[in-house]
Amino acid sequence: MTTPEHLDDLDAVAALTDRVRRAAYRAVADAAPGPLGRDEVAETLGVGRTLAAFHLDKLVDAGLLEVSYARRSGRSGPGAGRPAKLYRLSAAEHAVSVPPRAYRSAAELLAEALERTGGEEALYRVAEAHGRQAGPAPDVTTLLAENGYAPAADEDGRIELRNCPYHRLAEEFPPLICGMNLAMLGGLLDGAGLAGEWCARMEPAPGRCCVTVSKKQSD
């Protein structure tokens with residue numbers, strides 16, 4: 001008998017109730033988009049590599065992580081050793097509502113209706129106004145993290161957003177949802193009092209949010 005999708009999601013979320021397992025998931029999430037091996041997770045958590053591997057594999061079974069294999073040394077051929085088992089975040093999303101609700105389907109219908117009726121500009125204005133309501137933040141990283149973007153600064157100071165809160169909708173309606181996201185981030189920066197120093201830019205790339213945040217260039 002097929003298990004209802006909402007029960008699969010419940011099982012996935014339940015896998016995070018264990019404290020060590022939750023910390024292992026967070027370690028992999030913090031390293032995204034690159035994968036982590038069990039030794040790195042064990043070192044981060046301060047536990048043995050066997051225990052780290054146990055919890056990582058449980059997260060894979062729950063559909064929260066995915067596995068790949070690679071030689072971390074970069075060597076290949078005879079004598080290079082076995083490829084390491086690496087873990088990265090799964091692309092699958094898990095949302096739990098008890099009893100089940102179809103908010104995702106409603107969002108998809110609304111997005112399609114906006115595209116068909118040419119309501120993009122109204123959506124962007126609403127998104128920007130909504131972003132401004134967030135209010136002050138101590139710094140840009142805190143602001144972005146609190147709003148689910150998983151920020152990570154590169155060596156040039158540009159902030160990439162490792163998570164898109166609207167990922168599934170953005171895959172189905174890229175121009176509409178990415179434009180909404182850009183407007184939302186602009187509003188967030190403005191409402192937090194950071195728009196004078198930081199700005200949001202559209203910079204699509206695989207494996208991360210389509211928007212980045214950068215310091216404004218001085219005149």
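Two strands count as a pair if DSSP finds at least two bridges between them. Keep that in your pocket for this tour of a predicted model.

**Stop 1: the whole chain**

Start with everything shown as a cartoon. You should be able to pick out nine helices and seven strands. The chain has 219 residues, and 31% of them count as buried. Switch on the surface if you like: the accessible surface comes to about 13100 Å², with 53% of it belonging to carbon and sulfur atoms. Now think about contacts between residues at least 6 apart in sequence: 55% of those join residues at least 24 apart.

**Stop 2: the three-stranded sheet**

Select S1, S2 and S3. These three strands form an open sheet in the order S1-S3-S2, and the pairing is antiparallel. The edge strands are S1 (36-37) and S2 (65-70), each of which pairs on one side only.

How many bridges join S2 to S3? There are six, and the two strands run antiparallel. To see one of these partnerships, click on Leu-65 and look across to Leu-89, its bridge partner in S3.

Next, go to the other edge. S1 and S3 pair over two bridges, again in the antiparallel sense. Show Leu-36 and you'll find Tyr-87 of S3 as its bridge partner. Do the same for Gly-37, whose bridge partner in S3 is Leu-86.

A bit of background for looking at any sheet: strands pair through backbone hydrogen bonds, either parallel or antiparallel.

Before leaving, zoom in on Ala-84, which is found in strand S3 (residues 84-89). Is Ala-84 buried or partly exposed? Its relative accessible area is 27%, so it counts as partly exposed; the buried label needs a value under 20%. Now add Arg-71 to your selection. Ala-84 and Arg-71 are 13 residues apart in sequence, yet their C-alpha atoms are 5.7 Å apart in space.

**Stop 3: the helices on that sheet**

Keep the sheet on screen and add helix H2 (residues 19-31). This helix lies across S1, S2 and S3, running at about 85° to S3. Then add helix H4 (residues 49-61), which packs on the sheet and touches S2 and S3. The direction of H4 makes about 50° with that of S3.

Stay with H2 a little longer. H2 has 13 residues and reaches 19 Å from its first C-alpha to its last, close to the 18 Å expected at 1.5 Å a residue. Color its buried residues: Val-20, Arg-21, Ala-24, Ala-27 and Val-28. Look down the axis of H2 and these residues fall within an arc of 115°, so they line one face of the helix. What do they pack against? The buried residues of H2 meet S1, helix H3 (38-45), H4, S2 and S3.

**Stop 4: helix H6**

Jump along the chain to helix H6 (residues 120-132). H6 also has a span to check: its 13 residues reach 19 Å from first C-alpha to last, close to the 18 Å expected at 1.5 Å a residue. Its buried residues are Leu-123, Tyr-124, Ala-127 and Gly-131. They cover an arc of only 100° around the axis, which puts them on the same side of H6.

Now spin the helix around. On the face turned away from the buried side sit the exposed residues Glu-121, Arg-125 and Val-126. Turn back and show the cover over the buried residues of H6, which includes helix H5 (103-117) and helix H9 (174-191).

**Stop 5: the four-stranded sheet**

For the last stop, select S4, S5, S6 and S7. They make an open sheet in the order S4-S5-S7-S6, with antiparallel pairing. At the edges are S4 (151-153) and S6 (198-202), each pairing on one side only. Tilt your view to catch the twist, which averages 25° from one strand to the next.

Zoom in on S6 and S7 (residues 211-215), which pair in the antiparallel sense over five bridges. Here Cys-199 stands opposite Ser-214 in S7.

Finally, bring back H9, the helix you met as part of the cover for H6. H9 packs on this sheet, touching S5 (159-161), S6 and S7. Compare the directions of H9 and S6: they make an angle of about 180°.

How values were computed: Residues are numbered from 1 along each chain as its sequence is written. This is a predicted model: local features need pLDDT of at least 70, side-chain atom pairs count only at pLDDT 80 or more; totals for chains, interfaces and linings use all residues. Side-chain values use heavy atoms; hydrogens and water are left out. Buried means under 20% relative accessible area, exposed over 50%, partly exposed in between (1.4 Å probe, protein chains only). Contact means heavy atoms within 4.5 Å. Accessible areas come from the Shrake-Rupley method with a 1.4 Å probe; for residues, only the protein chains shown count as cover. The expected span of a helix is 1.5 Å times one less than its number of residues. The arc is that of the directions from the helix axis to the C-beta atoms. Axes are lines fitted to C-alpha atoms, for helices over the stretch in contact, and angles run from 0 to 180 degrees between N-to-C directions.
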